[in-house]
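The following exercises concern the packing, the pockets and selected residues of one protein model. Each task is followed by a solution in steps.

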Amino acid sequence: MNPAFQGLIIIIIGVSGCLAYFYLSNQLLDKVLFPPRGENAGRNINRANIIRPWLFSFPVILLGGVYLIYPLFEALRLSFTDRDLGGAFVGLANYQEMFSQKRFLEAMRNDILWLTVVPTASTAIGLLVALLTDRIAWGNIAKTFIFMPMAYSFVGASMAFLLIYDGRSEVGALNAIWMQFEGGIGSFLFLRIFPATILLGFAALAAYACYLFLRPFFISEERKGEIITAALRVVAGAVLAYLAVMAFLNVIDVFTITWTYGKSQSWLTIPFWNSFFLMAVLIWTQTGLAMVILSAALRGIPQETIEAAIIDGAKPFQLFSRIKIPQILGTIVVVWTMIFVVALRVFDIVFTGTYGNWQTEVLANYLYRTLFVDLDFGVGSASVIILVMITLPIMIYNVYRNR
C-alpha cells in the first residue's frame, strides 16, 4: 500500500475513533446510566457531570500510564540491575560506570551548551523580531515566513542545513561564501569584528538576564516567592554568569585564531564550533514559536503604561527594558522553558548531522547509542533517569508559575 494512502487511512480511523468514543460516552451517560428524567433527574445530571470529565480523560490516562509512567518506573528498576548477570541488583554500579565514560561527560557538557544557547538565542531573536515586525506595515507577512520553519521536521531542517554546511564549495553555501575571503579588510570585518560583536552582544544579554534573575536578592521590594523559586534563580544566574564570562573570553580567540584561506572547510568536523552549527538548525525552527507568543504578549501590554512612560521622558531602551520587559517577563520565562525542553530532547539534528561524532554527543543521542546500539540496558536506563531529573525541575517550575 502507498505510504501516503496508508497514512491518510490511519488519520481517518484515528479521528473517527476519537469522535465515536466521545459521542458514545455521552450517550452512555445521558441515555443509559444517568438519564435526566424522572424523580432523580437533577441527581443524575450532577452525577453525569462528575463522571464525564473522567470518562473523557480516560484514554489519555490509560495511554499515559502505559507509555509514560510504566516505562519510567521500569527504566528506574533497570538502572539498578545488570542484564548480563540475569537482571541482578547492582546498586549504583551503572551510574558509576556512566559517569566514568568520556562520551557521557561530553554529552553532559554539550547539553549544557544546548540548554543555554538555544533557548536564550531563540527567545532573544524571537523577541527582537516581534518588536520589529509590529512596527512595519508588512509585519504579518514577515512573521509568516519566519514562522514557516516550525512546519519542518527536525530531520528535514537538518538535511537542508547539511547542504549549507557541505564541504564542497560548489554545493555548500557556507563554503561558497568562505572561499571569497582572502585575508583583506573584508576578512577582518566579517571574521574578526562581526563574530566579536555577536559574542559581546551575547555576553551583554547573558549578563542582563543574570541581573534580572538575581535582582530580587538585592532589592527587598522584589524579594518574594518560595525556596524553589529562589534556588532556580540562583542556578539560572550562575549559568548565565558563566556564559557571559565564556562569551567575553572567546572574543580573544576570535582575534588570535589563524584562518586557512582558499581551502574548503568541513564545518561539522570542527570541534566545539560544530555544536553551534547544529544549534543553528534548532534556533531556526524555534524562533518562529517564540516570536508568535511574545508578539501576542507585547500587544497585550496596556497602552496607558507606555504612553505614561513616554510622557515622563522614557527613552526607547528604557521603555523596552523597564516597561515592556517586566510586564512580559512571565511569558518570556514560559517561552524559554518551552524551548529548553525541546533542546533537552534534541536527537534528530545531532543524529542526522554528525551521529554524535567530532565531540557533538548529546544526552539523547548517547541514550540511543547505549540502549539500542550497545544494548547496555543498565547504563542506558541510568541515562534516562538523568534526563528525567534534568527535566523535572523545569516542569515543576512551569506548573508552579501556571498556578
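A nonpolar core is a set of buried Ala, Val, Leu, Ile, Met, Phe, Trp, Tyr and Cys residues joined through side-chain atoms within 4.5 Å. Buried means under 20% relative accessible area, exposed over 50%, and partly exposed in between, with a 1.4 Å probe and protein chains only. The model is predicted: local features need pLDDT of at least 70, side-chain atom pairs count only at pLDDT 80 or more, and totals for chains, interfaces and linings use all residues. Residues are numbered from 1 along each chain as its sequence is written, and side-chain values use heavy atoms, with hydrogens and water left out.

**Exercise 1. Determine which residues of the largest nonpolar core touch the most other members.**

Step 1. The largest nonpolar core holds 64 residues, of which M98, W114, V118 and L127 touch the most other members. Helix α4 (residues 102-133) contributes the most to this core, namely twelve residues. Helices (H or I, at least four residues) and strands (E, at least two) are DSSP runs, numbered from the N terminus.

Step 2. Contact means heavy atoms within 4.5 Å. With neighbours within four places in sequence set aside, M98 contacts F104, Y366, V379, A382, S383 and I386.

**Exercise 2. Locate T123 and I283, and list their contacts.**

Step 1. T123 belongs to helix α4 and is buried, because its relative accessible area is 6%. Beyond four places in sequence, T123 is in contact with A290, L294, I332, V335, W336 and I339.

Step 2. I283 is part of helix α10 and counts as buried, since its relative accessibility is 14%. Leaving aside neighbours within four places in sequence, the contacts of I283 are V118, A121, S122 and I125.

Step 3. I283 and S321 are 38 residues apart along the chain, and their C-alpha atoms are separated by 23 Å.

**Exercise 3. Describe the lining of the second largest pocket by element and class.**

Step 1. On a 1 Å grid over the protein atoms alone, a cavity is a set of points where a 1.4 Å probe fits but cannot get out, and a pocket is an open set with protein on both sides within 12 Å along at least five of seven lines; lining residues have an atom within 4 Å of a point. Grid points are joined across faces, edges and corners, and a volume is the space filled by probe spheres set on the points.

Step 2. The volume of the second largest pocket is about 620 Å³. Its lining comprises 21 residues, and L68, R345, V384, L387 and V388 lie nearest the centre. Two or more lining residues come from each of α2 (41-78), α12 (316-344), α14 (363-373) and α15 (377-402).

Step 3. Ala, Val, Leu, Ile, Met, Phe, Trp, Tyr, Cys and Pro count as nonpolar, Asp, Glu, Lys and Arg as charged, and the others, Gly among them, as polar. The lining of the second largest pocket thus divides into 18 nonpolar, one polar and two charged residues.

**Exercise 4. Identify the lining of the largest cavity and place S158.**

Step 1. The structure holds one cavity of 30 Å³ or more, and the largest cavity has a volume of about 30 Å³. S158, F161, L162, Y165, L268, L278, V281, I349 and G353 line the largest cavity.

Step 2. α6 (154-164), α10 (273-299) and α13 (348-353) each supply at least two of these lining residues, with α6 giving the most, three. By class, seven are nonpolar, two polar and none charged.

Step 3. S158 lies in helix α6 and counts as buried, because its relative accessibility is 4%. Not counting residues up to four places away in sequence, S158 touches V281, D348, I349 and T352.
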